[in-house]
Each structure stands twice: as structure tokens, then as C-alpha cells.
Amino acid sequence: MLTTTTRLPRTVVLCGAALLLATTACAEGHGKSPMELSEMIAESVRDSADTRMPGLGVAEAHFEPDGFSCDPAVDPEVPGLWRSHAPRETVVDEASVELGLIDADHERSGTVFATVTDPEGGTATAEAELASDEWTGLVYPDDFDADPLRSGVYTVIWSDAAEGARITCDGFEVD
């Protein structure tokens with residue numbers, strides 16, 4: 001079984017730095033100091049992250065079975081070395097599938113949610129307790145109170161139950 005591993009990227013910091021450099025270079029004509037521009041950029045980046053704008057890795061993602069990845073990628077909002085698992089071969093003649101999540105750093109525990117989007121766009125969510133030193137597992141559709149498996153691609157978004165912060169994205173395909 002293959003697993004997906006994600007790390008917290010520095011996307012927001014890099015975007016802010018690039019914007020700061022670009023705006024500082026043309027700061028002569030608008031009367032703003034570099035410090036004022038920096039504060040404006042930081043506020044804009046925070047606002048964008050808070051509203052979950054596409055491009056920051058938190059837009060509605062969908063699983064791409066050919067590359068075993070989600071598009072757009074879900075950048076973890078919870079620190080940790082996150083690994084998830086789902087079937088890596090097309091599921092045929094199965095009534096359910098096993099899904100899992102672990103922090104490979106063994107530092108995180110608590111309640112997590114897995115939200116599964118089915119091929120028609122319907123969603124179902126289940127709750128699980130994440131142990132710091134072992135895989136947390138759920139069975140879809142049994143643990144989700146969802147419809148039986150049908151043909152198509154399913155997307156799984158794992159998130160922290162306390163804050164709703166996204167952890168990672170995974171998925172599977174049913175024939």
C-alpha cells in the first residue's frame with residue numbers, strides 16, 4: 001500500500017516575500033514606506049488565508065487517481081508529518097474501503113474528521129480518535145452513514161476536529 005506524506009509548506013511566507021520585494025521596488029510614487037507596504041501585504045495574505053482562497057492549498061480539492069494526489073494540493077494547517085492511506089488500486093466488487101491517518105512524528109493526538117466526497121459530489125463525514133503512535137482507521141461507507149460504493153473517484157479530506165484545520169487529502173477509485 002502506498003501512502004501520502006505532506007509537510008507544512010512555506011507558501012504564504014514566500015508569496016508575501018515576493019510581493020514585498022515587488023512592491024518595495026516601486027514604492028517611490030505612492031507615498032507608502034516599506035514598513036507600511038509590508039504590513040499591508042501581511043494583512044492581505046492573512047485575509048486570503050482566512051477566506052480559503054484558491055492558490056493557497058485549501059481550495060476544494062479532488063483526488064487524481066493517476067498521480068495518487070489531490071488537485072489542488074491540500075497544504076496541512078496542522079503541524080506534523082502526516083501520512084494517509086486509502087486503496088491504491090481500483091476497488092472492484094468491494095462493499096467498503098479502509099482509510100487511515102497517522103502523524104509519523106508521533107506528536108499529535110485528538111479527534112479528527114474524514115470527509116469523503118463521492119463521485120456525484122455528495123459528502124459524508126466521520127469522526128475518529130487519532131492516537132500519537134498508531135494509525136487511525138475508518139471504514140467507508142460504514143463509519144460515515146453514507147450510500148454504498150459506486151463507480152467513480154472519491155476524495156478524502158482529513159481535518160482537525162477542534163479547529164477544522166485541514167491535515168491532508170487522499171482518495172480512491174471504484175470501478
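# A walk through the fold

Visitor: Where is the place of Pro141?

Guide: Bear in mind that this is a predicted model. The peptide bond that leads into Pro141 from Tyr140 is cis, with omega near 10 degrees. Tyr140 closes strand β8, which covers 136-140. As for Pro141, its place is in the loop between β8 and β9.

Visitor: Which residue does a cis peptide bond join to Pro72?

Guide: Pro72 is found in the loop between β3 (69-71) and β4 (82-85). The bond in question has an omega of about -10 degrees. The residue joined to Pro72 through this cis bond is Asp71.

Visitor: Let's zoom out. How many strands does the protein chain have?

Guide: Start at the N terminus and read along: the elements run β-α-α-β-β-β-β-β-β-β-β-β. The helices number two. That leaves the strands, and their count is ten.

Visitor: What percentage of the 175 residues in the protein chain is buried?

Guide: A residue counts as buried when its relative accessible area is under 20%. The accessible surface of the chain comes to about 9,800 Å², and 51% of that belongs to carbon and sulfur atoms. Of the 175 residues, the buried share is 37%.

Visitor: Which strands stand at the edges of the open sheet, each with a single partner strand?

Guide: This sheet is built from four strands with antiparallel pairing, in the order β7-β6-β9-β10. The strands at its two ends each have a single partner, so one side of each is left without a neighbour in the sheet. From one strand to the next, the twist averages 20 degrees. The edge strands are β7 (123-130) and β10 (166-174).

Visitor: What is the bridge partner of Ile157 in β10?

Guide: Ile157 falls in strand β9, residues 152-160. Strands β9 and β10 run antiparallel and are joined by eight bridges. Across from Ile157, the bridge partner in β10 is Cys169.

Visitor: Which strand gives the largest share of the largest nonpolar core?

Guide: This core has 25 residues, and those with the most contacts inside it are Leu99, Tyr140, Phe144, Leu149, Trp158 and Phe172. The elements giving two or more residues are β5 (97-103), β6, β7, β8, β9 and β10. The largest share is four residues, and it comes from β7.

Visitor: How many residues are in the second, separate core?

Guide: Its members include Ala61, Phe63, Cys70 and Cys169. You've met Cys169 already, as the bridge partner of Ile157. The residue count for this second core is six.

Visitor: Is Arg166 buried or exposed?

Guide: Arg166 makes a salt bridge with Glu60, with 3.5 Å between the closest N and O atoms. The pair links distant parts of the chain, as Glu60 is in the loop between α2 (34-50) and β2 (62-64), while Arg166 sits in strand β10, 106 residues apart. Glu60 is exposed at 65% relative accessible area. Arg166 has a relative accessibility of 13%, so this residue counts as buried.

Visitor: Why does the pair of Asp118 and Arg150 tie together parts that are apart in sequence, and how many residues apart are they?

Guide: Their salt bridge brings the closest N and O atoms to 2.8 Å. Asp118 lies in the loop between β6 (110-117) and β7, whereas Arg150 lies in the loop between β8 and β9, so the pair ties together parts with a sequence separation of 32 residues.

Visitor: Which residues are linked with Arg150 in a network of salt bridges?

Guide: Arg150 is partly exposed, at 27%. Its side chain also meets that of Glu120 in a salt bridge (2.2 Å, N to O). Glu120 counts as exposed at 55% relative accessibility. The network links Arg150 with Asp118, Glu120 and Asp147.

Visitor: What is the positive phi of Phe68, which is not a glycine?

Guide: Phe68 lies in the loop between β2 and β3. With a relative accessible area of 32%, Phe68 is partly exposed. Its phi is positive, at about 50 degrees.

Visitor: And what value is phi of His106 near?

Guide: His106 lies in the loop between β5 and β6. At 42% relative accessibility, His106 counts as partly exposed. Here too the residue is other than glycine, and phi is near 60 degrees.

Definitions and conventions:
Residues numbered from 1 in each chain as written. Predicted model: local features only at pLDDT ≥ 70, side-chain atom pairs only at ≥ 80, totals over all residues. Heavy atoms only, no water. Buried < 20%, exposed > 50% of the residue type's maximum accessible area, 1.4 Å probe, protein only. Areas by Shrake-Rupley, 256 points an atom, 1.4 Å probe, with all protein chains shown as cover. Pairing = 2+ DSSP bridges. Axes fitted to C-alpha atoms, helices over the stretch in contact; angles between N-to-C directions. Salt bridge = Lys/Arg side-chain N within 4 Å of Asp/Glu carboxyl O. Core = buried A, V, L, I, M, F, W, Y, C linked by side-chain atoms within 4.5 Å.
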